Amino acid sequence: MNNDYDVIIVGSGITGGWAAKEFCERGFNTLVIERGRNVDHRGPEYKDFQAPWDLQNRGMPEETLAENGHYATLRKKGHLYKTDALHFFVDDKKHPYSSPEDKPFMWTRGYQLGGRSLTWGRQVLRWSPMDFEANAKDGHGIEWPIGYEDLAPWYSYVEKFIGVSANKDGLKTLPDGEFQTPWEMSYAEQYISNNIAKKYTDRHLIIGRAANLTSPTEEQTALGRGKCLARSYCRRGCSFGAYFSSQSATLPAAHKTGNLTVITDSIVERIDYDDVNNKVSGVSVIDANTKERRQYKSRAVFMCASALGTVQVMLNSTSKTFPNGIANSSGMLGHYILGHVTGVVASADVPVSEDKYAFGRRPIATYIPNYRHEKQDDANFVRGFGFQTTAQNRSFSSPNAKEKGIGIIAKQSVGKPGPWRFRAFMYGEVLPYYENVASLHPTQKDEWGMPLLHIDAEIKDNERKMIKQAAKDIQEILEVGGCTNIQVKATPENKHIPMGKQVHEMGGACMGKNPDSSVLNGWGQTHDIPNLFVTDGACMASSATQNPSLTYMAITARAADYAAKLLKNNII
Amino acid sequence: MILIDNDCFWLVFIGSINVITFPESKQEEGNVEINRRIFLGSMLYVVSASVLPSELKKTLNLTVFESDAVFFDAEQFTLVYDIVDIMIPRTDTPGAVDSHTAQVLDELMISWAATSTQQQFTLFLSEFLQRARTAFNANYLSLSKENRQTFVEQIDEVVFDTGKGDFSIAYKRFKALIFHIHYSSEIANPNFFLVPGGYRGSLSQDELNVIYERKYL
């Protein structure tokens, strides 16, 4: 096997797939290295055609898994710990990481071809100009070297390819893009949205923006992708290719060029560095099964191994020039670990007058975008929060085994239509904190000999203040929305809120203008080494409140275009 | 004779008594069988439903199993089958018997349950029988349907009102599992569609009924 390539891409998830597509379509001999196993698109690991009664153990993972300490992180998340897609999530007993006892971090991972793009939430939201300007404006974190205008054409480029079903809402805080037919709001959601619009100019309840096809283009159809049929079993893998993933879209597009090689079960241990020429020369990998080591060479390396995965590999890539991790002359590698925080959950009845119902399982929620970018009179914090919300189906009385009652009477109460119930989950921005840091554990290693990643990160006073305000705000929003029986639960100040719970971990190799205070420039290129790029979540200098994957993809496509020009001109 | 979906079970109607026979080959599998027998040894009352007088069987409206199931033995399975039927009876909609809840539970005790749960449920059934004997001075399985139903309803009430201790914890878990199995079954979800075909959020009852009839948007 020839181990020399133009470009090596570490990771096959949402950004690795994009990098592969872009380089392959530009004619570069490209290698994608995935640490997990191969998964065949539409293969037997996809469980999307299993009804609830067909699922292994009716959806319940074997009890011995919990008894023996498997899937500790996933078990804490609850709703993901089911047999429908458990195999697409990492068991942290087999792949451990560490965090301080008083600051447990929740790291949700997917080690398989396609990575977490198989199980992601598919909410694709552009950042606004204000989001990119926030660091410079309030002085937290490192100033972004790029702005919305730099990324806007790449947002469009990505949206056209992946397929985004959304409404053009015309909001300054959430720019519109290239959209397919939006999903419709339920009767109850529309009722609240209309009421909110009567009162506020800055707060909006909109339909979510989903990477699920509603009007497939010729390009999407040619890749074997079809229209979403509202099953909402996306995290099991979609045999119709209706939602975007590396498996359904970018990797097939890359394969078509004939320029793609994919290897799985290969753990990148380190990025190899040529001290003499100040270039990376490739990567060293450990075979996940045999534990044999081998090397691959390339003219450029793109790190797309997920924010923390990338940081782990870079920290482990030491050399004479970079004794504390590759491209880490600034000492910033591992710092500014970011994320989102949910500290408020609210629910309320929607007292609509007409007897209406919903049908189907819409694959996306509704959304209240961040309306607090500009500091307002009642705010004692910076940045802001939005709400992920839903009332997509009318409630039906369900059997409650946790309460008294059996027999005919208990049974007859089941399945009766009840009120529409609206639910809202706060999504707040965690500020960039230098002291939120990921490092290599000084002594503990995994079974392949890689030092464990130690993640020491927490939310602080600004986020706690946000939570208090979010609780007040959602109470008011639901009242204005016409809701009754409003219940708002805010996490008490003395209760720990683990970072990582919302999955959107970012940072650790942030972009910035100054090589002394950041790892990457505005192209995702390391300041120190011109042929090493990082375009996954590690590159983010702040987290905003929007789900981040669309921004990762746009950054990756833009960086690949830039790197391709450098490669063609033999600059790298 | 009626063949039920799961070909492990052959259902024979004998008057008002149903007798279900399990394939013998499933009874001797692995260590689980050994564990189960160990715990059976701790039971204070092991009731053999098969020794009930045949005339009595006819009046009890009781489904009696004469062979062991996969995890439960014949007596335990007769008891489980009866309790789930009382918890979720057949009405104008299917009940737990129709959804084969007892049979699914029996399979789950092997494929899902840890040893601790296997022990917990085995001891729960034993304690259940003991409590019935204390209450009625008779074997639960020899009680009339009315009395069995009253007894299970009382257990449910006491457990949720004031119950503490191992028996109450086990009952709550048992009940939760029974409800989960039945209400996640195909027969209990006639309006579940694996492929809805799309989403509509504002339908009248009539429009919804038409879609249900069509089974696709």
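**Exercise 1: the domains of chain A**

Find out which stretches of chain A make up domain 1 and domain 2, and describe where the two touch.

*Solution.* Start with the bounds. In this predicted model, domain 1 of chain A is pieced together from 4-45, 96-165, 244-339, 434-455 and 503-568. Domain 2 takes 174-208, 341-429 and 460-496.

Next, look at how the two sit. Over C-alpha atoms, their centres are 33 Å apart. Where they meet, 20 residues of domain 1 are in contact with 23 residues of domain 2.

Now ask which elements of domain 1 supply that side. Helix H4 (129-138) and helix H5 (148-162) of chain A each give two or more residues to it. H5(A) gives the most, with four residues.

Finally, sort the side of domain 1 that touches domain 2 by class: you get six nonpolar, nine polar and five charged residues.

**Exercise 2: the partners of strand S7**

Work out which strands pair with S7 of chain A, and in which sense each one runs.

*Solution.* Take the partners one at a time. Strand S1 (residues 4-10) of chain A is parallel to strand S7 (residues 293-303), with six bridges between them. To spot this pairing, find Val10(A), which faces Met303(A) in S7(A).

Then try strand S6 (residues 279-287) of chain A. S6(A) and S7(A) run antiparallel and are joined by five bridges. Here Ser284(A) has Gln295(A) in S7(A) as its bridge partner. These two strands also make a hairpin, with five residues between them. Have a look at Lys291(A) in the turn: its phi is positive, about 70°.

Last comes strand S18 (residues 532-534) of chain A, which pairs with S7(A) in the parallel sense over three bridges. Phe302(A) is the residue standing opposite Phe533(A) in S18(A).

**Exercise 3: the surroundings of helix H8**

Decide why helix H8 of chain A can be called largely enclosed by the rest of the structure, and name some of what covers it.

*Solution.* Count first. H8(A) covers residues 246-256, and eight of its eleven residues are buried, so the helix is largely enclosed by the rest of the structure.

Which ones are they? The buried set is Ser246(A), Gln247(A), Ser248(A), Ala249(A), Thr250(A), Leu251(A), Ala253(A) and Ala254(A).

Now see what lies over them. The cover includes helix H1 (14-25), strand S2 (30-33), H5 and strand S4 (260-263) of chain A.

Just to finish the tour, move past the end of the helix: H8(A) is followed by Gly258(A), with a positive phi near 80°.

**Exercise 4: Asp131 of chain A**

Is Asp131(A) buried or exposed?

*Solution.* First place the residue: Asp131(A) belongs to helix H4 of chain A. Then count its neighbours. A residue is called buried if 20 or more other C-beta atoms lie within 10 Å of its own. Asp131(A) has 25 other C-beta atoms within 10 Å, so it is buried.

For a longer view, compare positions along the chain and in space. Asp131(A) and Ile571(A) are 440 residues apart along the chain, and their C-alpha atoms are separated by 33 Å.

**Exercise 5: two helices of chain B**

Describe how H4 and H7 of chain B pack, and which residues make the contact.

*Solution.* Begin with the geometry. Helix H4 (residues 101-111) and helix H7 (residues 165-183) of chain B have axes 9 Å apart and pack at an angle of about 115°. The crossing is right-handed.

Then list the residues. H4(B) brings Thr101(B), Val104(B) and Leu105(B), while H7(B) brings Leu177(B), Ile178(B), Ile181(B) and His182(B). By class, this contact has five nonpolar residues, two polar and no charged.

Definitions and conventions. Residues are numbered from 1 along each chain as its sequence is written. Chains are lettered from A and ligands numbered from 1 in the order in which they are written. This is a predicted model: local features need pLDDT of at least 70, side-chain atom pairs count only at pLDDT 80 or more; totals for chains, interfaces and linings use all residues. Domain bounds come from an automatic or database domain assignment. Two residues are in contact if their C-beta atoms, placed from the backbone, lie within 7 Å. Ala, Val, Leu, Ile, Met, Phe, Trp, Tyr, Cys and Pro count as nonpolar, Asp, Glu, Lys and Arg as charged, and the others, Gly among them, as polar. Two strands pair if DSSP finds at least two bridges between them. A residue is buried if 20 or more other C-beta atoms lie within 10 Å of its own, exposed if 12 or fewer, and partly exposed in between; C-beta atoms are placed from the backbone. Axes are lines fitted to C-alpha atoms, for helices over the stretch in contact, and angles run from 0 to 180 degrees between N-to-C directions. A crossing is left-handed if the near helix is turned anticlockwise from the far one by less than a right angle, and right-handed if clockwise.
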